[in-house]
Amino acid sequence: MDTTPLVTEQSIEVIYLISAGLFILSLKWMSAPSTARHGVWAGELGMLLAIIATLLYRGIVDYTWIAIALVLGSIIGVPLGLVQMTAVPQRTALSHAFGALCVTLVGTAEFYLRAPAVPPFMMAVLSMEVILGSLTFTGSLMAAGKLQEILPQRPITYKGQNIVNISLLAISVAVATYLVIHPEQTRLFPLIIAIPLLFGVLMIVPIGGADMPTVISLLNSYAGLSAAAMGFVLDSKLLIIAGALDGSSGFILSVIMSKAMNRSFTNVLFGAFGQVQVSSAAAKESRTVRTATAEEAATIMAAANTVVIVPGYGMAVAQAQHKVRELFDALTKRGVNVLFAIHPVAGRMPGHMNVLLAEADIPYDKLLDMDAINPEFPQADVALVIGANDVTNPAARNDPGSPIYGMPILDVDKARTVMVIKRGMSPGFAGIDNELYYLDKTLMLFGDAKAFVGDIVRQLGGEGHA
Ligand code: NAP
């Protein structure tokens, strides 16, 4: 049999280097809406090149299993890529779970191939790989289940929970340390998989659904670190680079999200945030709100100089972004200055609103971040809130007893008139009432975001068809 390699090892390394460069460019480009598309293409091309280069590796003796895995992966991956955008957080959690399972399986295979003579450094990275891989696998599955509401969203707590969890992690690390010194004790190896698998489940149990996106981002970071450890085991520079990029970007994202919610990491991981708030529920009953029709809303907005639109999760669920674009066009045509206020955690994932509004071709220069738009609210004639709730709640500024106290918010209540499109008086993700709705200057526009915005557009003489 001719064993001449199709390509030399050096060429494979060069392709890997190009892939790594593309991954770095991808992250850089994805940090701004105007270059984000290039970022996605660069990432996809980098991954394609990495897969091709790996398939050309001459150590491969038989492609049958690889072909079967590719087909199975595609059968699972294609439907996963087609989910609604509001389901992307749980979809991402599932991807992390699969990635982490893969890392754990590779680590396990490598251990048993090398044991009992595993050098200390190799055993240390192998242990890190399987511990992080296992806990990320079950943790991500739990996070996906909570977000999909297959599992209860409410934090489940019990006495001594943190001690139990930390002890489990400590036992895994202790066993791993022992294995570094005595790698021939192969019967201990399953423990550094089984205990972290259990830890992954228990770690997520006390965390509420509201904190899941932050936790997913943190799990992303763990998955990246375990992949980097796998890179050391397999002597793959590409895996080390890609894993480190994944690990650090996931961590940075978790920090940004925690800051945007004014939460510390310890509070997210141990705070049991998201328990039912009883205090505001009783008070809610007796309070009244002012309502308005689409016609009245259209008349007020047509007479305004500046309208600031504040999109939130409800706009995403209703898929109202194209109607919002029509509203933008109709108002702009009448000489109204229309701006968009983007809160960093509006919706259910970072960048959620930017992606939806970009999809509807809203000009990027009209999308203003929280720090840029907040000074504009006092001058705005109308703040039109479309399916946003928590990110506009003045309790974050005024009520030290509120669970969202201290979270930076959009200063919607400072606009001259506030209009809120939502279906009823249901709370947002944090499960708390919103003072904004009871202000004298606030008009509630009750209805589905897509239908209501369509009605306003019709009143303004735009397209507005459903
Ligand atoms: P929100 O507080 O979850 O409120 C969304 C509002 O949309 C609800 O009050 C709901 O009221 C309304 N709504 C739902 N479906 C609708 C429809 N079809 N038409 C019109 N309205 C509809 O949303 P948000 O203001 O965007 O805040 C995001 C929340 O998620 C924050 O608490 C944030 O901390 C949390 N979070 C976000 C991220 C992230 O990365 N983006 C990460 C972690 C946590 P009705 O049911 O009455 O209609």
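## Sheet, helices and cores of a predicted model

Strand S4 (residues 382-386) and strand S5 (residues 417-422) run parallel and are joined by 5 bridges. Here strands (E, at least two residues) and helices (H or I, at least four) are DSSP runs numbered from the N terminus, and two strands pair if DSSP finds at least two bridges between them. Within this pair, valine 382 stands opposite threonine 417 in S5.

The structure is a predicted model, in which local features need pLDDT of at least 70 and side-chain atom pairs count only at pLDDT 80 or more, while totals for chains, interfaces and linings use all residues. Residues are numbered from 1 along each chain as its sequence is written, and side-chain values use heavy atoms, with hydrogens and water left out.

S4 and S5 belong to an open sheet of 6 strands, ordered S3-S2-S1-S4-S5-S6 with parallel pairing. Strand S3 (367-369) and strand S6 (442-446) are at the edges with a single partner strand each, so one side of each has no neighbour in the sheet. From one strand to the next the twist averages 25°.

Strand S1 (306-311) pairs on both sides, as the table shows.

| Pair | Sense | Bridges | Opposed residues |
|---|---|---|---|
| S1 and S2 | parallel | 4 | valine 307 and valine 338 |
| S1 and S4 | parallel | 5 | valine 308 and alanine 383 |

In S1, 6 of the 6 residues are buried, so the strand is largely enclosed by the rest of the structure. Buried means under 20% relative accessible area, exposed over 50%, and partly exposed in between (1.4 Å probe, protein chains only). Both faces of S1 are covered, with Thr306, Val308 and Val310 buried on one side and Val307, Ile309 and Pro311 buried on the other.

Two helices lie against the sheet. Helix H15 (residues 352-359) crosses S1, strand S2 (337-342) and S3, and runs at about 145° to S2. Helix H18 (residues 449-459) packs on the sheet and touches S4, S5 and S6, its direction making about 130° with that of S5. Axes are lines fitted to C-alpha atoms, for helices over the stretch in contact, and angles run from 0 to 180 degrees between N-to-C directions.

The largest nonpolar core has 73 residues, and those with the most contacts inside it are Phe340, Phe377, Leu384 and Ile456. Such a core is a set of buried Ala, Val, Leu, Ile, Met, Phe, Trp, Tyr and Cys residues joined through side-chain atoms within 4.5 Å. Neighbours within four places in sequence aside, isoleucine 456 is in contact (heavy atoms within 4.5 Å) with Ala294, Ala297, Ala298, Met301, Leu327, Ile421 and Leu445. Another core, of 34 residues, lies apart from it and includes Ala93, Val118, Phe199 and Leu202.

Helix H1 (residues 9-29) and helix H9 (residues 237-260) pack at an angle of about 10°, their axes 9 Å apart. The two helices are therefore roughly parallel to each other, a term for angles under 35 degrees. Glu13, Tyr16, Ser19, Ala20, Phe23, Ile24 and Leu27 in H1 meet Lys237, Leu238, Ile241, Ala242, Leu245 and Ser249 in H9. The residues of this contact divide into 9 nonpolar, 2 polar and 2 charged. Ala, Val, Leu, Ile, Met, Phe, Trp, Tyr, Cys and Pro count as nonpolar, Asp, Glu, Lys and Arg as charged, and the others, Gly among them, as polar.

Technical notes:
Angles under 35 degrees count as roughly parallel, over 145 as roughly antiparallel, 65 to 115 as roughly perpendicular and the rest as oblique.
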